[in-house]
Amino acid sequence: MTNLTIGGVPEHFNYPWYLTLKNKEYNKQNINLRWQDFPGGTGAMCKALRAGDVDIAIVLTEGIIKDIADGNPSKIVQTFVKSPLIWGIHVGAKSSFKNISDLEHATIAISRFGSGSHLMAIVNAYNQGWDVANLKFKVIGNLQGGIDALTNGEADYFMWEHFTTKPLVDDGTFRLIDDCPTPWPCFVIAVRDEVLENNFEEVKKVLDIINGKTKNFKQIDAIDRILAERYEQQLEDIQQWLKITEWNDGKPISKNIITRIQNKMVQFNVIEKKKNSSNFIKNMYI
């Protein structure tokens, strides 16, 4: 048995992984794949990849590109979810802020620097024409930290995936001001370089299994009800999410996409300069 550890957020995007693990599909290929939840998101997973605490991670595209540019010894092996992520811009229920323009000088709750909540706050600021140099951040760790910070006034707004936070809007914890979609495919699969060197074939088998599952994921009987119940979502919200979410069909990520994303990230001052796009990816299907 080859032991591999994989990390991801405990959200509906990753339910296909849960199904393949539950069915012991990796064991049948002599792979002991162990899942680890990362409620802290992409920033926490980048740290875990660097430390060797996980071998594979399902991370936000913008977060891992920035971290590989900053020296993370990992590669993107493929896109996982090719549609954009819809980031909800949330304030506390009792906040006096009503419109997105009210937030220009407000304090932003972020899970950690380099995380999606941090980078997308910068993207949103650019979209609004604000001075990014003036943005104020409060590091809160995870979604619960965001709830606490907005409730007790330590921060003013918090960006997190729209549908994950929808129950908090429904129950009156948050109020949704607006949405900000990512200008790129949202989730990719990243693998540590050491694992790619030593377990290339096993990683390839893992990808084949998960791609087989996501291919027909939407056709699973009553999948909308299963997801709504498991993630405590309204059925109509999950149905809307399923409608707009597209998983990758196993095609490798292209250098052109990485270049386009880097161009935007340089424009947003998220990274200083572009690097060779082949430094970020490993093609598993040469």
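Colleague: At what angle do helix α3 and helix α4 pack?
Modeller: This is a predicted model, in which local features need pLDDT of at least 70, side-chain atom pairs count only at pLDDT 80 or more, and totals for chains, interfaces and linings use all residues. Residues are numbered from 1 along each chain as its sequence is written, and side-chain values use heavy atoms, with hydrogens and water left out. Helices (H or I, at least four residues) and strands (E, at least two) are DSSP runs numbered from the N terminus, while axes are lines fitted to C-alpha atoms, for helices over the stretch in contact, with angles from 0 to 180 degrees between N-to-C directions. On that footing α3 (residues 61-69) and α4 (residues 116-128) have axes 9 Å apart and pack at an angle of about 100°.

Colleague: Roughly parallel or roughly perpendicular: which is α3 to α4?
Modeller: Under 35 degrees counts as roughly parallel, over 145 as roughly antiparallel, 65 to 115 as roughly perpendicular, and the rest as oblique. The angle between α3 and α4 is about 100°, so α3 sits against α4 in a way that is roughly perpendicular.

Colleague: Which residues of α3 and α4 make the contact?
Modeller: Contact here means heavy atoms within 4.5 Å. By class it has two nonpolar, two polar and two charged residues (Ala, Val, Leu, Ile, Met, Phe, Trp, Tyr, Cys and Pro count as nonpolar, Asp, Glu, Lys and Arg as charged, and the others, Gly among them, as polar). The residues are E62, G63 and K66 from α3, and G116, L119 and M120 from α4.

Colleague: OK, on to the sheets. Which strands are at the edges of the sheet with the order β2-β1-β3-β10-β4?
Modeller: Two strands pair if DSSP finds at least two bridges between them. This open sheet has five strands and mixed pairing, with a twist that averages 25° from one strand to the next. The strands that pair on one side only are β2 (31-37) and β4 (74-81).

Colleague: In what sense do β1 and β2 pair?
Modeller: β1 covers residues 2-8, and seven bridges join it to β2. One of the partnerships puts N3 with N32 in β2. The sense is parallel.

Colleague: And at what angle does α2 run to β3?
Modeller: Two helices can be placed on these strands. α1 (residues 15-22) lies across β1, β2, β3 (56-60), β4 and β10 (187-192), at about 140° to β2. α2 (residues 42-51) lies across β1, β3, β4 and β10, and its angle to β3 is about 145°.

Colleague: Why is one side of β7 and of β9 left without a neighbour in the sheet?
Modeller: The order in this open, mixed sheet of five strands is β7-β6-β8-β5-β9. β7 (136-139) and β9 (174-181) lack a neighbour on one side because they stand at the edges, each with a single partner strand.

Colleague: By how much are neighbouring strands of the β7-β6-β8-β5-β9 sheet turned against each other on average?
Modeller: Inside this sheet β5 (residues 86-92) and β8 (residues 157-161) are antiparallel over five bridges, and G88 stands opposite W160 in β8. α5 (residues 143-151) lies across β5, β6 (107-110), β8 and β9, at about 155° to β8. With direction ignored, the average turn between neighbours is 30°.

Colleague: Which element gives the largest share of the lining of the largest pocket?
Modeller: On a 1 Å grid over the protein atoms alone, a pocket is an open set of points with protein on both sides within 12 Å along at least five of seven lines, a cavity is a set where a 1.4 Å probe fits but cannot get out, and lining residues have an atom within 4 Å of a point. The largest pocket holds about 340 Å³, a volume being the space filled by probe spheres set on points joined across faces, edges and corners. Its 15 lining residues include P10, E11, L143, T164 and Y231, which lie nearest its centre. Three lining residues, the largest share, come from α6.

Colleague: How much space lies in the largest cavity?
Modeller: The search finds two cavities of 30 Å³ or more. The largest is lined by 15 residues, with V9, E11, L60, W87 and W160 nearest its centre, and α4 and β8 each give two or more residues to that lining. The space inside is about 130 Å³.

Colleague: What volume has the second largest cavity?
Modeller: Its lining is F13, P84, L85, I86, E161, F163, W241, I244 and T245. Seven of these are nonpolar, one is polar and one is charged. The volume is about 40 Å³.
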